[in-house]
Amino acid sequence: YWPPQYAIMDGDTLEPLKVVSTRGTTWDTQEYHPEPRVAAIVASHYRPEFVVNVKETGKILLVNYQDIDNLNVTTIDAGRFLHDGGFDASKRYFLTAANARDTIVVIDTKTGKLVKKIKEGVGATPHPGRGANFMHPKFGPVWSTSHLGDDSIALIGTDPKGHPDSAWKVVESIDGHGGGSLFIKTHPKSTNLWVDAPLNSDEEVYQSVSVFDVNNLDKGPEIIPV
């Protein structure tokens, strides 16, 4: 988060090779922001690029590190305030939360372009962490996010070739055990979907997690005290 910059480092020694400021204007109102923080960084699986979320300006930077003396940066206008995000199961598409706009932004890291800003069906203040990928029995591959502002869990289709009718939309919304969620997780070898709620005001809620069976979401979650 601080200072407002990102650094490109030597992978073996972690020596900083180049430091770049993130100060600049917001994407929508074009107002100068002196301290926009970096909220997430992931590495592309298709290009020599880092995907950098700049929180307060609402811009996603695709930073090509192949030639840092002639740095090539693609700027994508996304939404405020950018926060966490992660890849879909194919590792091609980066989905990230513009949580002040109740929006999930989808970036194609193979083409380096914005795919879609998903608003319909997204709950209040999405906070996915890296999100959770699993195979939905009806809609195919989905990426999921929980929310800070309500107890909903949004499932977004991520397979534009195999399931084009479900791609880049909320295909289903299920209810967790409470809002205030920070993270949602699963594993390719597991059928469990775990959702927390540590910022909920209710002690019983914030000290427990919801666990869903991804093959039987209609059953609802098992609530496990932690």
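The following exchange concerns a predicted model and the terms used to describe its chain.

Modeller: As the model is predicted, local features need pLDDT of at least 70 and side-chain atom pairs count only at pLDDT 80 or more, while totals for chains, interfaces and linings use all residues. Residues are numbered from 1 along each chain as its sequence is written, and side-chain values use heavy atoms, with hydrogens and water left out.

Colleague: What makes up the secondary structure of the chain?

Modeller: The chain has 1 helix and 20 strands, where helices (H or I, at least four residues) and strands (E, at least two) are DSSP runs, numbered from the N terminus.

Colleague: How do you know that E15 and E16 pair?

Modeller: Two strands pair if DSSP finds at least two bridges between them. Strand E15 (residues 152-157) is joined to E16 by 5 bridges, so the criterion is met; the two run antiparallel. Ile156 has Val170 in E16 as its bridge partner.

Colleague: Why is the sheet E13-E14-E15-E16 described with edges?

Modeller: These 4 strands form an open sheet with antiparallel pairing. Strand E13 (132-136) and strand E16 (170-175) each have a single partner strand, so one side of each lacks a neighbour in the sheet.

Colleague: Why does the radius of gyration of the chain agree with a compact globule?

Modeller: The radius is taken over C-alpha atoms, and the globule rule is 2.2 Å times the number of residues to the power 0.38. For 226 residues a compact globule would have a radius near 17 Å; the chain has 18 Å, and therefore agrees.

Colleague: What share of the chain is buried?

Modeller: Buried residues (under 20% relative accessible area, 1.4 Å probe, protein chains only) make up 49% of the 226 residues.

Note on methods. Buried means under 20% relative accessible area, exposed over 50%, partly exposed in between (1.4 Å probe, protein chains only).
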